[in-house]
Amino acid sequence: MSLISEPVRLGAVGLGRAFALTAPAITAHPGVRLVAAAAPRLESRAAFEAAFGGRSYDDVRALAADGDVEALYISTPHGMHLEHALVAFAQGKHVLIEKPMTVALEEATQMIGAGREAGVQLIVGPSHSFDAPVAVAADLIGQGAIGEVRMIHALYATDFLYRPRRPEELVTDLGGGVVFSQAVHQIDVIRRLAGRPARQVTARTGGAWDPARQTEGAWSMLIDFDGGVFASLTYSGYDHFDGDRLMENISELGAPKPDDPGAARRDLSRVANEPAAKRARGFTTLDDCPQGVTHEHFGQIIVFGERQDLRLTPYGVEISSDHARGFRSAPFRTTRAEVFDAVHAAVRKAQPPLQDGVWGRASLEICHALLQSARSDTTVPLSLQKGQP
């Protein structure tokens with residue numbers, strides 16, 4: 001077997017909820033193979049070894065020093081991302097790092113520089129900009145099928161704020177709340193569809209609407225792009241209206257779901273130890289991981305074009321013109337398959353993904369601009385959107 005076609009030998013840093021959401025995609029993808037992991041808890045390491053038969057370590061440095069590991073998937077808490085990425089780069093490992101790549105913009109720049117100096121690939125994701133329906137819509141736009149993009153609308157509402165959280169996940173300046181964990185999804189999708197640099201952000205946030213969750217739980221923002229394109233992005237994590245009702249009752253993770261408003265709030269009210277409940281949502285077995293049957297999504301996305309409009313669905317893209325309505329399907333393999341297509345292409349073929357470090361930093365800048373605009377009641381200009389080193 002040639003090196004080009006061999007699976008990328010992957011090590012996982014962190015075996016919590018993010019890893020549990022991604023593990024089925026890694027297992028199913030022929031281009032990657034999990035060979036090792038690092039996590040502080042013995043129970044997590046034992047679960048990994050039972051599921052994958054690989055080696056496990058209690059420290060990321062030992063994992064990064066493993067000569068059989070080519071790339072690390074880092075899904076630890078946001079505040080650990082820079083440290084863990086630097087450890088990987090020091091050992092010459094490629095990195096797939098969960099969004100957001102970090103919290104501070106200065107750390108994002110440091111991470112980009114360290115990856116370049118090490119001569120390795122840095123991929124920021126998974127995010128919903130990898131989803132196949134987004135790629136189909138971007139291809140249609142790139143081919144000129146809808147004419148010029150004029151305006152983009154994004155709307156989603158979830159129960160995010162009422163899923164079990166560690167204390168720091170409810171402190172905005174530590175990367176908590178909905179902005180750093182969720183806005184990146186919406187921003188990434190909209191940036192990919194706009195296809196041009198963003199210029200400025202005007203925003204409002206819903207901060208501390210629930211006295212028991214003292215952090216931002218919602219946002220609405222307007223992003224202006226070069227060429228007169230603009231996008232409106234709205235999100236609520238307060239577990240009232242369920243945005244999946246607008247997405248054929250398919251959950252964000254690509255599975256059919258019942259209509260049960262407020263379920264997360266009710267469940268959380270019965271939790272005595274929230275950090276322990278958070279840990280319990282981590283990886284245990286592959287059978288317990290969420291399994292999607294359609295593409296994932298991040299709520300309602302509509303692109304308004306010069307000649308046609310596009311509506312993204314979990315199955316593909318609906319195309320509306322002044323005389324007809326059509327549909328372009330997006331073939332489904334597994335959820336997040338496209339993320340590991342990008343990992344394999346980056347490592348085996350030296351093809352940098354769209355969602356590299358510079359891309360991740362640009363989306364992070366918009367997250368910061370969102371907060372700054374809401375706090376200052378001003379429009380915030382952007383300066384890191386055009387691929388600067």
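**Nonpolar cores, cavities and a pocket**

Leu 310 contacts Ala 137, Leu 140, Ile 141, Ile 146, Ile 301, Ile 302, Val 303, Val 317, Glu 318 and Ile 319, leaving aside residues up to four places away in sequence. The model is predicted. Leu 310 belongs to the largest nonpolar core, which has 85 residues. Along with Ile 97, Ile 152, Leu 193, Trp 219, Met 221 and Leu 233, Leu 310 touches the most other members of this core. Helix H7, spanning residues 177–194, is the top contributor to the core and supplies ten residues. Another core lies apart from the largest one. This other core holds 29 residues, including Phe 19, Ile 123, Phe 283 and Ala 342. In soluble globular proteins, nonpolar side chains tend to be buried together.

Three cavities of 30 Å³ or more occur in the structure. The largest cavity encloses about 90 Å³. Its lining comprises 13 residues. Asp 131, Val 134, His 297, Phe 298 and Leu 312 lie nearest the centre of this cavity. Seven of the lining residues are nonpolar, four are polar and two are charged.

The second largest pocket offers about 180 Å³ of space. Ile 112, Gly 115, Arg 116, Val 120, Gln 121, Leu 122, Pro 352, Asp 356, Gly 357 and Val 358 form the lining of this pocket. Two or more of these residues come from each of helix H5 (105–118) and helix H11 (357–376). H5 gives the most, with three residues. By class, the pocket lining has five nonpolar, three polar and two charged residues.

Terms used: Residues are numbered from 1 along each chain as its sequence is written. This is a predicted model: local features need pLDDT of at least 70, side-chain atom pairs count only at pLDDT 80 or more; totals for chains, interfaces and linings use all residues. Side-chain values use heavy atoms; hydrogens and water are left out. On a 1 Å grid over the protein atoms alone, a cavity is a set of points where a 1.4 Å probe fits but cannot get out, and a pocket is an open set with protein on both sides within 12 Å along at least five of seven lines; lining residues have an atom within 4 Å of a point. Grid points are joined across faces, edges and corners, and a volume is the space filled by probe spheres set on the points. Helices (H or I, at least four residues) and strands (E, at least two) are DSSP runs, numbered from the N terminus. Ala, Val, Leu, Ile, Met, Phe, Trp, Tyr, Cys and Pro count as nonpolar, Asp, Glu, Lys and Arg as charged, and the others, Gly among them, as polar. A nonpolar core is a set of buried Ala, Val, Leu, Ile, Met, Phe, Trp, Tyr and Cys residues joined through side-chain atoms within 4.5 Å. Buried means under 20% relative accessible area, exposed over 50%, partly exposed in between (1.4 Å probe, protein chains only). Contact means heavy atoms within 4.5 Å.
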